[in-house]
Amino acid sequence: MNLEKFADMLPIPEVLKPHQQTKESTYYEVTMKEFYQKLHRDLPPTRLWGYNGLFPGPTIEVNRNENVQIKWMNDLPDQHFLPIDHTIHHSEGHHQEPEVKTVVHLHGGATPYDSDGYPEAWFSKGFQETGPYFSREIYHYPNQQRGAILWYHDHAMALTRLNVYAGLAGVYIIHDPKEKRLKLPAGEYDVPLMIMDRTINEDGSLFYPSGPENPSPTLPTPSIVPAFCGDTILVNGKAWPYMEVEPRAYRFRIVNASNTRTYNLSLDNGGEFLQVGSDGGLLPRSVKLSSISLAPAERFDIIIDFAAFEGQSIVLANSEGCGGPANPESDANVMQFRVIKPLKEKDESRKPRFLTNLPPVTDEKIQNLRTLKLTGTQDEYGRPVLLLNNKRWSDPVTEAPKLGTSEIWSIINPTRGTHPIHLHLISFRVLDRRPFDTAKYAETGNVVFTGPAVPPPPSEKGWKDTVQSHAGEVIRIMAKFGPYSGRYVWHCHILEHEDYDMMRPMDVVDPNQ
Ligand code: C2O
Ligand code: CU
Ligand code: CU
């Protein structure tokens, strides 16, 4: 489809209004619905699933320590409109019904386990059927954590890639009132950008493959694919939108909500980004960047100052393709900024160098080290199955850190691609990445390093919950497991990997219980 770029104005998702608010808590209700929405001026409306019938869902804005309850309701049709593979875990046999299962995860949230959106804590339409794990209708979010860009999305077992692709994702921002002193751009100058890729058929409907391109005759149909990138880039639910801006500084909260696609973002006029935060909140100091690498589920909190660009049109470009170079006709473009609005009033916002104090990683007392490898195997149909440490989802829990203790995880990636690894509940720190000999590793199973350990770039010196584990590298991360105990998960955030089978349960164990 050849859609004109920069034809639609960037939509700003509406902010969710509380159903009830008292001094003690804020209560919201959100209903997942099917609806139709125009993704581009020249396209017929697209069938989507979204929170409150919106794509992306409404932005949820809360304050640090605000006690939030959300009743998540499923009012979706009984049948999915995207191709479900019934041969992957928890979609087979008696797991086939109900066909449409949902569960909501607040990504980046320090959330009690029974509100975290465990994949098997799913529920069906009207909460008529529920999965085998702790289903509850009202989720509790204590928000006792740093101000940060979070996002909420579906996490149902073996359906996450389809439910998120259908539209079940939205931005969630925790404001820390103490951050006001930094005077970062605020209000209408603080804008969420949720980036996703989709392939859209001529009739406006979403395309998602029902199997690999040249399937062997023995493959089931539909059959899960190991990766999928759309050729159309959407920001806040519009294909290649434009935004009119004033010649001043803006803060952008960028979320990559794509299934598989990683972006490498830059401004086509050579302009700079000033990064102030990563997944888990503010960086210790702001970082000037000419480009941003953003894997699925990673977030960047940035400032762009348009003051010097009055009258210009600037493209937010993407240089990283997906299985090939970025195409100037399609995925090399994300959106456009038009610096044509008159300056309303003097820009009083600041670009501080020092943002927050971070404890040095070396201060942490480490109680346990784990070595985990990203592996792969084949299933009975000859399809690739990516695994964490050679274990399936259904294998007994192996990652069971003790509540309140700190661990270092060394993640070995002998595969050929980058996997964005995500842990629920906690934010971690990146210690280093170190290259190793993958050929030797394949032969002997031993890690032989081929270079020194490299500390993370300034962009990754803050709090992360999703990190790129690159091919041929061992990445070390450090995390303190808390403040809650219970059953969580860790996984690759390429949704096609997560669904089959690159996800594992994780128990945070309270020794006093
Ligand atoms: Cu963004 Cu387990 O999730
Ligand atoms: Cu998460
Ligand atoms: Cu992966």
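Biologist: Where is Pro-483 found, and what makes the neighbouring elements count as strands?

Modeller: Pro-483 is found in the loop between S29 and strand S30 (486-492), where helices (H or I, at least four residues) and strands (E, at least two) are DSSP runs numbered from the N terminus. A cis peptide bond, with omega about 0°, joins Gly-482 to Pro-483.

Biologist: On what terms should I read such statements?

Modeller: This is a predicted model, in which local features need pLDDT of at least 70 and side-chain atom pairs count only at pLDDT 80 or more, while totals for chains, interfaces and linings use all residues. Residues are numbered from 1 along each chain as its sequence is written, chains are lettered from A and ligands numbered from 1 in the order in which they are written, and side-chain values use heavy atoms, with hydrogens and water left out.

Biologist: Which other peptide bond is cis, and where does Asp-501 lie?

Modeller: The bond from Tyr-500 to Asp-501 is cis, with omega near 5°, and Asp-501 is found in the loop between helix H3 (495-498) and strand S31 (503-508).

Biologist: What makes the contact between Arg-383 and Asp-85 a salt bridge?

Modeller: The term requires a side-chain nitrogen of Lys or Arg within 4 Å of a carboxyl oxygen of Asp or Glu, and the closest N and O atoms of Arg-383 and Asp-85 are 2.7 Å apart, so the pair qualifies. Arg-383 lies in the loop between strand S23 (366-378) and strand S24 (384-388), and Asp-85 in the loop between strand S5 (68-74) and strand S6 (104-107), so the pair ties together parts that are 298 residues apart in sequence. Both residues are buried.

Biologist: Why is Lys-351, which meets Asp-305 in a salt bridge, called partly exposed?

Modeller: Buried means under 20% relative accessible area, exposed over 50%, and partly exposed in between (1.4 Å probe, protein chains only). Lys-351 has a relative accessible area of 42% and is therefore partly exposed, and Asp-305, with 24%, is partly exposed as well. The side chains meet at 2.8 Å, N to O, linking Lys-351, in the loop between strand S22 (333-338) and S23, with Asp-305 in strand S20 (residues 299-305), 46 residues apart.

Biologist: Why is Asp-432, the salt-bridge partner of Arg-476, placed in its accessibility class?

Modeller: Asp-432 has 11% relative accessibility and so counts as buried, whereas Arg-476, at 29%, counts as partly exposed. Their closest N and O atoms are 3.0 Å apart. A search of the whole structure finds 29 salt bridges.

Biologist: How do you know that His-105 and His-422 are donors of the copper ion (ligand 2)?

Modeller: Donors are N, O and S atoms within 2.8 Å of the metal (3.2 Å for Na, K and Ca), and water is not among the atoms, so sites may look incomplete. The NE2 atoms of His-105 and His-422 lie 1.9 Å from the copper ion, so they meet the criterion and are its protein donors. His-105 lies in strand S6 and His-422 in strand S26 (residues 419-423), so the pair ties together parts that are 317 residues apart in sequence. His-105 is buried, with a relative accessible area of 1%, and His-422 is buried too, with 0%.

Biologist: Which backbone angle sets Asn-390 apart as a residue that is not a glycine, and where is Asn-390 found?

Modeller: Asn-390 has a positive phi of about 65° and is found in the loop between S24 and strand S25 (406-413). With a relative accessible area of 46%, Asn-390 is partly exposed.
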